[in-house]
Amino acid sequence: MAERERSHTRGGTFVPRSQVLSAADVQRALVRMAHEVAERNGGLDQVVLVGLQTGGVPLARRMAEALRDAEGTEVPVGSLDVAFYRDDIGLRPVLPEAATDIPCDLTGRVVVVVDDVLFTGRTVRAALHALSDFGRARAIQLAVMVDRGHRELPIRPDYVGKNLPTRRDEMVDVSDDGVVIGSLG
Amino acid sequence: MLDARGRRRADVVVADGVIRAVGPDVLGDAPARARVLEASGCVVAPGLVDLHAHLRQPGAEEAETVETGGRAAALGGYTAVVAMPNTDPPVDSAAVAREVLALGGRALVEVCVAGAITIGRAGKRLAPMGELAALGVRLFTDDGAGVQDGALMRRALDYAKGLGVTLAQHCEDDHLAGAGAMHEGAWSSRLGLPGIPSAAEESMVARDIALARLTGARVHFLHLSTAGSVELVRRAKAEGLPVTAEAAPHHLVLTDASCASYDACYKVNPPLRTETDVTAVRVGVLDGTIDAIATDHAPHLPEAKDVPFDDAPSGMLGLETALAVALSVMDIAQALASLSWKPATIAGLSPRHGGPVEPGAAANLCVIDPALSWTVDPVRLASRSRNTPFGGWTFMGRNRHTVSAGEAVVVDGEAQR
Amino acid sequence: MTHLLSIADLDREGIEEILRVADAFAEVEKRPIPKVPTLRGRAVATLFFEESTRTRLSFETAAKRLSADVLSFSAASSSVKKGESIRDTVETIEAMGMDALVVRHSSAGVPVQVSRWVKRCKVINGGDGWHEHPTQALLDCFTVRQLRGGIDGLRVLIVGDIRHSRVARSQVLAYTTLGASVTLAAPGSLLPPSLEGWPVEVAEDLDDALGNADVVSLLRLQAERGSGAFVPTLREYTAGWGLTARRAALLGGDAIVTHPGPMIRGVEIAGDVADLPQAVVTRQVTNGVAVRMAVLFLLLGGVL
């Protein structure tokens, strides 16, 4: 999410440099994180997955599938667009990109926020603020496919697909085909 | 040199308010230490005569005075203006007329006054036209409003005939005009502004032509703005009726599309009309249907115009730009005919104004540089107000010197007092 | 977008962007806490020189749900009564640090004039005379799009006092820009003096036009503006141009009836017709907040 919006601002195109995870690696990491979610929460009772628009949404869905395969439980999956909560409104154009759909009242729930890449932490901060408007969750946890460092806020993920040291000016792209590191051309 | 008799090349010597000599080698006739006004490449002509200026005094001196309006006129090339009577109080009594004439005595140009047709311009009772005529008033009008009551207008015409004066009508049917703020048509419909249909003007032009036919009295039509009005007057003239007409400079070049900005500077009455009307008015001036170009100089302070379009007063400045606007659409001979000798005749000022430039004539002259390119800067206008629609426009041709009653009141575009 | 003064300022892409962003705000409106921090620290003033309840409340609700501060100015209780000019009022209010001004005035063009007088404020036309009411047309389009999936190709019929209607002028522009065809139906005295340049048709027969319409936009007969004098009697107007029960039966099954409010039951719309499911008046009001949030967000949420 953060990656994508930055690319809008700079207006360049993503030039891939090296593949970091294959499609199969991503799937394996997802299944592992799904197990960790179940393990950490002593089951899936009260767990809700919320994917951040746009990159986190398909990952949240796939994690829900992995949980169903592993635990036989249907976990509610929602999506969240944090545009209206961002802290850079007025600094650059911010537009909502896709739908927010929170399937249930979050009060008392364990919300697992799912995103593709964790970078500065600002998107997650906005998401925490947004989620608080949907009820008082018992706990909010964070699952990301890639943690690339460079945090600007005191935010730490609970579940990580891959820790990936990067330079600040590099770009990380997560898709169905895997994870690719590159730069803006 | 250019006057009603045509064009020739000459020097002009003026002394004691009178033209002493005109000809190729007359400078020797000039008195010693005479002031020489350079006029090479320029046209020397009888001074311009404005049939229609709102000088705002008495009553609205914050917008204009006889002095400032007179200065604006002189700069524009005028040597005489007719001050409209819609002052506060209006010129419906000899006392007010005397006041304006007295103020005019100190102005840079000759200031004539038009009298009101009815008391308070209210359209109910006739104003004392005889008393006013005795002071030299030759034009009567309720301008700003038309005389709505046909019977009253007929009575006024019958009465005026005996006095040898001319009634000038602001043709606007109040009911048809309603609360209109601009021309009624495609633009008003789109802009959501209440409109004044052309018929509001034309119906009164038609009525007054019929009254001219009925009474045999002279009628002068003020600021005609529609193609229909021009056609009505053209037919009335063909019939031989004693009618004359004028058009305002803005109606020669601006259309109702200007109102799309909702800038009340473009609010004027009669309103700016369509392209078709603008063309018809121009043709009317060129073919003589419309005798004169008269400014309808109507000063308003910025704060009066910085209000909702509906609420703004009508009117725009004209004295300092009329000549340039006229020159932008016609040649200088046509422009001078409709700005000088023809209006002078209508105002009863001929030959003192607008007359041939010849020895013995009153020295009311303007010197026009037809090749001078200049841009209108509202801040630099001599008028007390700034409501010109031509701010930023670049024109070709400007008055350079004005000689009023023998005095060089404008020299090289600068008022001398 | 610098200001929103007229629908004519927007192209199709611009209108569609507003509607898309309004979708997101419509979702916000459904949340347990229907408020987002988006415009925290921004200030919006509603300058209503003409009274209005629903438009003012709608704009103020929209601004508050975006966490903007709201200053409410009403001419009735203000310095305007003491003779202060609109220009001075606007300059004073802008000097208080406002970021947006929602302007309503009974004279056409005032928001356009205000946009020339402000230094940095964004100006939103909240309805000016007979000229335009852009946010009303946008919320109408939003409502129709919500119910029909899109506007393109729809047949819109606008019925009533079009001459004096700012809503109609904005609707004609908005609907046609989005690809709908627009037909006007009104007695001749309530049509604009000229329709030159309007991309519309005029209905010969109201009953036929109703049967063909996907959307019927009813307008109020603005009696307080003297529109009553443009028809002989209200009864004759209702008989000729009102959406009576008989006429409502001519409507297609999925036709939509919109009304900008306030509705005068028994004049332009029969009481029981106003309560039919095709009449979407309350949905319009709800959507009005989302659309105005979108407009405020797009004007104030961009790069300052």
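**A walk through a three-chain model**

Strands β18 and β19 (residues 414–415) of chain B pair in the antiparallel sense over 2 bridges; here strands are DSSP runs of E with at least two residues, helices are runs of H or I with at least four, and both are numbered from the N terminus. Two strands count as paired if DSSP finds at least two bridges between them. The model is a predicted one, in which local features need pLDDT of at least 70 and side-chain atom pairs count only at pLDDT 80 or more, while totals for chains, interfaces and linings use all residues. Residues are numbered from 1 along each chain as its sequence is written, and chains are lettered from A and ligands numbered from 1 in the order in which they are written.

Let us stay with chain B for a moment. Strand β18(B) (residues 407–411) also runs antiparallel to β17(B) (residues 394–404), joined by 3 bridges. Val410(B) in β18(B) stands opposite Thr402(B), and Val410(B) has Ala415(B) in β19(B) as a bridge partner too. Two hairpins result: between β17(B) and β18(B) lie 2 residues, with Ala405(B) in the turn at a positive phi of about 50°. The hairpin of β18(B) and β19(B) likewise has 2 residues between its strands, and there Asp412(B) takes a positive phi near 50°.

Now for chain C, whose secondary structure comes to 11 helices and 9 strands. Its radius of gyration, 19 Å, is close to the 19 Å that the globule rule gives for 304 residues, so chain C is as compact as a globular protein of that length. That radius is taken over C-alpha atoms, and the rule is 2.2 Å times the number of residues to the power 0.38.

How do the chains meet? Among the 2 pairs of chains that touch, B and C share the most contacts, a contact being two residues whose C-beta atoms, placed from the backbone, lie within 7 Å. Chains A and B do not touch, and their nearest C-alpha atoms are 30 Å apart. On the other side, 14 residues of chain C are in contact with 18 residues of chain A.

Finally, look inside chain C. Leu296(C) touches Leu39(C), Val44(C), Ala62(C), Ala63(C), Leu66(C), Ala68(C) and Ala100(C), leaving out residues up to four places away in sequence. Of the contacts in chain C with a separation of 6 or more, 77% are between residues 24 or more positions apart.
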